[in-house]
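Open the model in your viewer and keep a selection prompt at hand. The stops below go one by one, each with something to select and a note on what is there.

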Amino acid sequence: MVKVSIGMPVYNVAEYLPQCLDSIIDQTFTDFEVIMVDDGSTDGKSFEICQEYVGRDKRFKLIHQKNGGRSAARNTALKHMTGEYITWIDSDDWVEPDYLKILVDTQIKTGANLVNVGHKGYRDGNIYVADYEQAYGKYPNYVIPLEAAIHDSFWTSLNLTTVWGSLGTRELYNGIAFAENIDMEDQGTKFKLYFKANKIVAVPDTPYIYRSRSGSIMNPTAELLKDRIRKTEDMAKGLEILLYYADITGFDIDFCFREFLGRMEYEAQNNKLSEEDKVKFREYVEEYNQKLRKYWGGLDATYKYRSTIS
């Protein structure tokens with residue numbers, strides 16, 4: 001058994017893939033495997049590049065499947081991972097040489113079965129670094145309380161919601177599946193690990209580099225109303241699942257409802273729509289919030305809500 005399994009969905013990223021894979025080969029911690037899942041790439045190059053690295057390094061393994069989205073690719077990777085720990089690297093990003101070492105050393109030192117690191121942003125040839133010491137240092141020994149982690153699931157104020165940039169034990173991932181057919185699959189899955197974790201640790205090191213691509217799902221240059229609604233619906237689906245998990249685990253459901261409503265209001269105010277579409281989108285958000293509010297207040301309301309998503 002290897003120490004760390006690295007999962008990597010791959011889809012039409014030939015321009016960025018060699019840099020990503022080379023950064024993994026350059027890791028100072030070497031006891032790992034890489035499970036690359038080519039999710040039906042159509043660029044004619046991504047799959048070939050993956051094959052090249054499989055031939056160069058026996059730690060790299062390649063699975064090909066028809067296109068099903070990042071969540072489907074992550075679920076396939078999970079089925080083939082053999083490591084004691086699991087981490088993720090997206091195929092258009094890259095990592096510094098000590099990425100794995102920091103994660104594993106922190107896990108051994110703290111005993112946490114979920115460890116997170118900060119990340120740098122890369123855009124238009126520039127590297128951007130946030131002050132993670134300010135974000136994480138306020139918590140003793142960088143141990144993140146469950147309530148703070150759940151709050152982050154709605155607001156990403158701590159940047160913990162991604163599965164990349166984190167390390168979990170194999171046991172922690174047992175029974176976990178990524179929600180398929182939605183964007184922002186991290187937000188609809190990471191919180192499941194929070195509820196299972198014995199300890200959540202986040203250290204301020206930033207060995208992960210996230211590539212922000214103009215026009216990507218997360219960074220559109222402009223927005224159409226239908227795209228904004230679809231993206232918001234995907235986000236809401238993930239958060240609805242969070243409410244369900246909070247309810248069945250006895251977590252503060254009222255706290256989660258308030259966070260949810262606040263996040264939806266934020267979405268209504270912060271978008272790149274035309275002025276005409278902003279009005280229509282606000283109407284959509286208000287209608288959604290009214291639907292959510294009718295389940296507020298007491299056990300009967302919680303039961304009604306639960307029955308809508310089970």
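Across the whole of this predicted model, a search finds 14 salt bridges. Three of them, and one network, are worth selecting in turn.

Start with Lys3 and Glu84. Their closest N and O atoms are 3.0 Å apart, and the two form a salt bridge. The pair links distant parts of the chain, with the two positions 81 residues apart in numbering: Lys3 sits in the segment before strand 1 (4–10), and Glu84 in the loop between helix 3 (70–80) and strand 4 (85–88). Lys3 is partly exposed, at a relative accessible area of 24%. Glu84 is also partly exposed, at 31%.

Next, select Glu96 and Lys120. This salt bridge has its closest N and O atoms 2.8 Å apart. Here too distant parts of the chain are linked, 24 residues apart: Glu96 belongs to the loop between strand 5 (94–95) and helix 4 (99–110), while Lys120 is in strand 6 (residues 114–123). Is Lys120 buried or exposed? Its relative accessible area is 13%, so Lys120 is buried, whereas Glu96, at 27%, is partly exposed.

Move to helix 11 (residues 275–293), which holds both Arg282 and Glu286, 4 residues apart, or about one turn of the helix. An α-helix has 3.6 residues a turn, so residues three or four places apart point the same way. Arg282 and Glu286 form a salt bridge, with 3.5 Å between the closest N and O atoms. Arg282 counts as partly exposed because its relative accessibility is 27%, and Glu286 is partly exposed at 41%. Then add Arg228, Arg263 and Glu267, which are joined into one network by salt bridges that share partners.

Now the cysteines. How many disulfides are there? The count is 0. Select Cys50 and Cys20 to look at one case: Cys50 is in no disulfide, and the sulfur of Cys20, the nearest cysteine sulfur, is 9.3 Å away. Cys50 has 0% relative accessibility and therefore counts as buried. Cys256 is likewise buried, with 0% relative accessibility.

For the interior, select Trp88, Ile144 and Ile150. Among the 91 residues of the largest nonpolar core, these three touch the most other members. Helix 10 (253–269) gives the most to this core, contributing 8 residues.

Ile150 leads to helix 6 (residues 146–155), where it is buried along with Ala148, Ala149, Asp152, Ser153 and Phe154. Show what surrounds them: the buried residues of helix 6 pack against helix 8, strand 9 (200–211), helix 9 (225–249) and helix 10. Just past the end of helix 6, check the backbone of Thr156, which takes a positive phi of about 50 degrees.

The last stop is Ala179, in the loop between helix 7 (170–173) and helix 8 (190–196). Ala179 counts as buried because its relative accessibility is 14%, and the limit for buried is under 20%. Which residues is Ala179 in contact with, leaving aside its neighbours within four places in sequence? They are Ser71, Glu185, Thr189 and Ile241. To finish, draw a distance from Ala179 to Ile102: the two lie 77 residues apart in sequence, and their C-alpha atoms are 28 Å apart in space.

Notes
Residues are numbered from 1 along each chain as its sequence is written. This is a predicted model: local features need pLDDT of at least 70, side-chain atom pairs count only at pLDDT 80 or more; totals for chains, interfaces and linings use all residues. Side-chain values use heavy atoms; hydrogens and water are left out. A nonpolar core is a set of buried Ala, Val, Leu, Ile, Met, Phe, Trp, Tyr and Cys residues joined through side-chain atoms within 4.5 Å. Buried means under 20% relative accessible area, exposed over 50%, partly exposed in between (1.4 Å probe, protein chains only). Contact means heavy atoms within 4.5 Å. A disulfide is a pair of cysteine sulfur atoms within 2.5 Å. A salt bridge is a side-chain nitrogen of Lys or Arg within 4 Å of a carboxyl oxygen of Asp or Glu.
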